[in-house]
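Me: Please take a close look at one part of this protein for me: the empty space within the fold and what lines it. I work at the bench, so spell out any cut-offs as you go.

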Amino acid sequence: MIPMKDLHQAYVKSNLELKPSGNGNLDDLTFSVKDVFAIKKYLNTAGNPDWYRTHKPAEEHAEVIERLLLEGATLKGTTHTDEIMYSLNGENHHYGTPVNPKAPNRIPGGSSSGSAVAVAANLVDFALGTDTGGSVRIPSSYCGIFGFRPTHGSVSLKGVIPLAKSFDTVGWMTRDPILLQTIGKAILPFTNDEDNTSPFKKLIFGGEPWNLVDDTIKESLSEGLEILDQSVSKLVEEEISVEGLEIWADIFKTLQGKEIWTEHGPWIEKEDPYFGPGIKERFAMASKISQSTFDRALERQLQIQKQMNVLLGKDGILAIPTAPGPAPLKDMPSEALNDYRGRAMQLTCIAGLSGLPQVTIPVAQIEGNPIGLSLIANRGQDRRLLEFVANYFYASK
């Protein structure tokens, strides 16, 4: 096998290949996986050399990889990730930063940075990532591709290195919404409460998420919103949160941080791994979250989940900007980058806290830099949401 040319530095191992084990809807298609998915006899880095040093090769493939191989797809390569998946930037202190094909002077977004870059650079047909706090949605928006985070728990995480299990999901990225839907058909379960033939009737245009972006972004995304408006029977403007999305993001960070430390704290305390800037501080903050603080946040999360269930119902979809804007420039000062990350998490925490499916669509550009529009549906409406996006794509042509 001739290794693919990795001019965009997307890959940890570009010459790794697994042939299909069956035939199906993904015949003749290629995919890559974030370097957290188990591959038999392969040792994941999880974005950190000390992780690689202290772990062993996998004994079997991750369950989702087995499923894709059975459907006829060919695996080609493992892709870069932020350290232990704990970032939204895509800048890795140890392994470097993959080059954003659509905006080379800007970051690719993380933590599924390499997967997004591999798709955007046409190196494979699709790629798998994981999305806990936005790690598929954000890089997809920055790199100008389609990205999907499914309902929490709908796709098996067996054989995937965890970050925070209550929020971890397996997501995928493509350049084509039809392929995005086809992958969903291959790996998403059918649910009793999902009617794939019935269109969504209500488009919810939440005020607060749109206040996180400037007028230029709003104007750029407006064309996509107008087409969506034509695809539903009713447009509704409603506030998403009573107390504010900044509070929601803090709730998310508390819950996620506590779970992350519970998952990885023992390894960190035993091995004393070397982390790059930002990651070290994030783990340190996670280690200080008390059980009582976690319990209060968990109680509020349950209320948020009920609230979102009522808001969306069976026929509603929520439209929000995927990110606060285009990808930040490389080497942005840490204070400005942290502020941007905080605003991004106010957008990503809506689906994260509620365990909802979300798709990001590359509908616009700002001075040539991609920005994404997101749609969020209620739990279990994954296939229906992907169908809606596929139909939207044709309507926009």
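Reply: Happy to. Start with the lining of the largest cavity, which is made by Met-85, Tyr-86, Ser-87, Leu-88, Thr-132, Gly-133, Ser-135, Leu-163, Gln-256, Arg-341 and Met-345. Keep in mind that this is a predicted model, in which local features need pLDDT of at least 70 and side-chain atom pairs count only at pLDDT 80 or more, while totals for chains, interfaces and linings use all residues. Residues are numbered from 1 along each chain as its sequence is written, and side-chain values use heavy atoms, with hydrogens and water left out.

A word on how such spaces are found. Rolling a probe the size of a water molecule over the atoms shows where empty space is left. On a 1 Å grid over the protein atoms alone, a cavity is a set of points where a 1.4 Å probe fits but cannot get out, whereas a pocket is an open set with protein on both sides within 12 Å along at least five of seven lines; a lining residue has an atom within 4 Å of a point. Points are joined across faces, edges and corners, and the volume is the space filled by probe spheres set on them.

By that test the structure holds two cavities of 30 Å³ or more. The largest cavity comes to about 70 Å³. Its lining splits into five nonpolar residues, five polar and one charged (nonpolar is Ala, Val, Leu, Ile, Met, Phe, Trp, Tyr, Cys and Pro; charged is Asp, Glu, Lys and Arg; polar is the others, Gly among them).

The second largest cavity has a volume of about 30 Å³. Around it you will find Leu-88, Asn-89, Ile-138, Tyr-142, Pro-328, Tyr-340, Arg-341 and Ala-344. Six of these lining residues are nonpolar, one is polar and one is charged. Leu-88 and Arg-341 are good residues to click on: both belong to this lining, and both are also in the lining of the largest cavity. Helix H4 (137-143) and helix H11 each supply at least two residues here, with H11 giving the most, at three. Helices (H or I, at least four residues) and strands (E, at least two) are DSSP runs, numbered from the N terminus.

Ile-138, one of the residues around the second largest cavity, sits in helix H4. Ile-138 counts as buried because its relative accessibility is 0% (buried means under 20% relative accessible area, exposed over 50%, partly exposed in between, with a 1.4 Å probe and protein chains only). For scale, Ile-138 and Phe-205 are 67 residues apart in sequence and 20 Å apart in space, C-alpha to C-alpha.

Now to the open space. The largest pocket encloses about 830 Å³. It is lined by 37 residues, and those closest to its centre are Asn-89, Gly-278, Arg-282, Asn-338 and Arg-341. Helix H8 (245-271), helix H9 (279-286) and helix H11 (334-354) are the elements that give two or more residues to this lining. H11 contributes the most, with nine residues. By class, the pocket lining has 12 nonpolar, 12 polar and 13 charged residues. Asn-89 ties the picture together: among the residues closest to the pocket centre, it also lines the second largest cavity.

H8 deserves a further look for its packing. H8 and helix H10 (residues 291-312) meet at an angle of about 125°, with their axes 9 Å apart; axes are lines fitted to C-alpha atoms, for helices over the stretch in contact, and angles run from 0 to 180 degrees between N-to-C directions. The two helices are therefore oblique to each other: under 35 degrees would be roughly parallel, over 145 roughly antiparallel and 65 to 115 roughly perpendicular, with the rest oblique. H8 passes H10 in a left-handed crossing, where the near helix is turned anticlockwise from the far one by less than a right angle (clockwise would be right-handed).

Just along the chain, the loop between strand E8 (234-236) and H8 holds Ile-240. This residue is buried, at a relative accessible area of 1%. The C-alpha atoms of Ile-240 and Gly-206 are separated by 5.8 Å, although the two residues are 34 apart along the chain.
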